Amino acid sequence: MPPSTSSDLTLSVNGEKYTLTVDHRTTLLDALRERLDLTGTKKGCDQGQCGACTVLVDGRRVVSCLQLAVAAEGREVTTIEGVAVGERLHPVQQAFLDLDGFQCGYCTPGQICSAIAVIEEHAAGWPSAATGDVRPEAGSPPLSPEEIRERMSGNLCRCGAYVSIVQAVARAAEEKGAVA
Amino acid sequence: MREFGYQRALDVSGAVALLDADPEARFLGGGTNLVDLMKTGVERPARLVDVRELPLNRIEATEDGGLRIGATVTNSDLAAHPEVRRRYPALAQAVLAGASGQLRNMATVGGNLLQRTRCGYFADITSACNKRSPGTGCPAIEGQHHNHAILGASDHCVATHPSDMGVALTALDARVSYETADGPGEIPLADFYLPVGQTPHLETALPPGALITGVTLPPVPVAADSRYRKVRERASYAFAIGSIAAALDVRDGVVHDVRLAFGAVASRPWRAGTAESVLTGAPADAETFAAAAEVELAAARPLPHNGYKVTLMRNLAVAVLSELAEEATR
Ligand SMILES: Cc1cc2nc3c(=O)[nH]c(=O)nc-3n(C[C@H](O)[C@H](O)[C@H](O)COP(=O)(O)OP(=O)(O)OC[C@H]3O[C@@H](n4cnc5c(N)ncnc54)[C@H](O)[C@@H]3O)c2cc1C
Ligand code: SF4
Ligand code: FES
Ligand code: FES
């Protein structure tokens, strides 16, 4: 018997539950944009190469264009629409505004979701390809511009706003350090 | 994209039974390669069996002092694991050199080993390609092949295997374990990828429908001083044009133990066994390192546009081994 090619599922996005029927071919990106009207998440390449579609799934950044919606059931999805607390912007959003971390803004939702995760990953002690010595004894390196560039390299910016993006991520990371 | 069924497997036997029952079913890991290839029509499964909820997401010590890595461990968790970073730093570095933070959070160990080549003709279903459509020819040989194989290729296919992780695992003598409807099995990674020959579409020694359950690393003391270096066309977030995983133990100026594997040069991660034999017991100096690399690369058959890889790999081997040798004297 051929398998059913669609499913009824409940997606949990930004703390809200949405029940919908999806064709299994639907990516999380298309479900968010076309079905849930959450158009903050952008489609760039649709091939995992640009990072414009970055969202958090169970707190971890992923590219939603390669994530099937049906495979995201039971996980908590956070999009750019869900990172602020009420009227108070997330510190990463505020830093992007204050330091002009964008030009056209198309890549920005993905950049911000990615940066939020980068700061968490660094705080959890994850090394990166820019980390000289990955051994745990070497300790976690400071989140230098070089570390930020490497960790953010999955997010391309056609406008080339990289210089201020790196500054914005650095400032948000510093604030987080100051709070901790 | 072809329509497909979707099921989540919750236990290994259930996952294997689902694949056994439907020859057109495929396992879904992070989907970072499979979903991409389904969009372009290269892959057309009738059913996906999601393996992400299987209890295969742990990294555990083995009795002999090695490490067993579950097949659904994400690339991120693998690279962040303290024991991996401490005892097999080249493996952590190789994983971190691959893809992006987002993709590493999705990608699994099993999926990484089975990712397909990045040859542009393979990805373009309007093009001929022996790997995708056996017998149609290999346009890369006369066409675009600046990032294709220099070692172990054939007249039928000159594609490379794109995994960074696999290069480090190959240098570290990893073994792949799997489960089928007929029971479990294990294959050394060295024998996991089949020779290209006339059958580039047959890529691995896994039996049909096999579920990769994990990868086992033996204890490799020399791996404590190991390194992965990747050369690419931009500073980050690109596939390798050449890479190397190396581990070196130098005692009194002589190579006591060495592991060496090359990436992006062949249809599989390339264990440089010939170079290792030349190095073992020889003086740990740049001259020996160059000679060893040259012996390994003597088998290279470069195409008109990828001859640079021979020089690149030689220089990469000398540079990384020299660094490791110098650090050993500190
Ligand atoms: C933009 C981009 C850049 C990239 N850059 C790099 C890079 O620089 N270096 C690098 O190494 N990789 C790179 N990758 C590739 C990436 O590492 C792989 O796509 C990923 O590791 C595949 O893992 P997955 O879990 O997502 O596999 P999937 O896409 O889910 O599956 C891949 C294959 O493995 C099979 N499979 C999955 N799990 C199992 C299992 N347990 N048992 C049996 N079969 C299984 C699937 O059926 C499928 O055939 C890049 C990918 C993208 C999209
Ligand atoms: S190199 Fe291999 S994958 Fe590329 S076109 Fe030739 S046969 Fe196909
Ligand atoms: S749209 Fe997903 S990575 Fe480009
Ligand atoms: S601000 Fe325009 S693409 Fe980044």
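A cavity is a set of grid points where a 1.4 Å probe fits but cannot get out, and its lining residues have an atom within 4 Å of a point. With that in hand, we can walk through this predicted model.

Start with the enclosed spaces. The structure holds four cavities of 30 Å³ or more. The largest cavity has a volume of about 170 Å³. Its lining comprises 18 residues. Closest to the centre of this cavity are B:Lys131, B:His161, B:Tyr193, B:Glu203 and B:Ser267. By class, the lining of the largest cavity splits into nine nonpolar, six polar and three charged residues.

The second largest cavity has a volume of about 120 Å³. Here 13 residues form the lining. Nearest the centre lie A:Glu121, A:Trp126 and A:Pro127 from chain A, along with B:Leu96 and B:Arg104 from chain B. Two elements give two or more residues to this lining: helix H3 (75–80) and helix H6 (101–106), both of chain B. The lining of the second largest cavity divides into five nonpolar, four polar and four charged residues.

Next come the open spaces. The second largest pocket offers about 710 Å³. Its lining counts 29 residues. A:Ala129, A:Glu150, B:Arg232, B:Ala235 and B:Ser236 lie nearest the centre of this pocket. Three elements each supply at least two lining residues. From chain A come helix H4 (145–151) and helix H5 (162–179), and from chain B comes strand E9 (226–231). The pocket lining has 13 nonpolar, eight polar and eight charged residues.

Now move to a bound molecule. Ligand 2 is surrounded by 14 residues. The closest are four cysteines, B:Cys119, B:Cys129, B:Cys138 and B:Cys157, together with B:Val158. The shell around ligand 2 consists of 10 nonpolar residues, three polar and one charged.

Finish with a helix pair in chain B. Helix H11 (residues 286–297) packs against helix H12 (residues 308–329) at an angle of about 145°. Their axes are 9 Å apart. The crossing of H11(B) and H12(B) is right-handed. On the H11(B) side, the contact is made by B:Ala286, B:Phe289, B:Ala290, B:Ala293, B:Glu294 and B:Leu297. H12(B) contributes B:Val310, B:Met313, B:Arg314, B:Ala317, B:Val318, B:Leu321, B:Ser322 and B:Ala325. The residues of this contact divide into 11 nonpolar, one polar and two charged.

Technical notes: Residues are numbered from 1 along each chain as its sequence is written. Chains are lettered from A and ligands numbered from 1 in the order in which they are written. This is a predicted model: local features need pLDDT of at least 70, side-chain atom pairs count only at pLDDT 80 or more; totals for chains, interfaces and linings use all residues. Side-chain values use heavy atoms; hydrogens and water are left out. On a 1 Å grid over the protein atoms alone, a cavity is a set of points where a 1.4 Å probe fits but cannot get out, and a pocket is an open set with protein on both sides within 12 Å along at least five of seven lines; lining residues have an atom within 4 Å of a point. Grid points are joined across faces, edges and corners, and a volume is the space filled by probe spheres set on the points. Helices (H or I, at least four residues) and strands (E, at least two) are DSSP runs, numbered from the N terminus. Ala, Val, Leu, Ile, Met, Phe, Trp, Tyr, Cys and Pro count as nonpolar, Asp, Glu, Lys and Arg as charged, and the others, Gly among them, as polar. A residue is near a molecule or strand if one of its heavy atoms lies within 4 Å of it. Axes are lines fitted to C-alpha atoms, for helices over the stretch in contact, and angles run from 0 to 180 degrees between N-to-C directions. A crossing is left-handed if the near helix is turned anticlockwise from the far one by less than a right angle, and right-handed if clockwise. Contact means heavy atoms within 4.5 Å.
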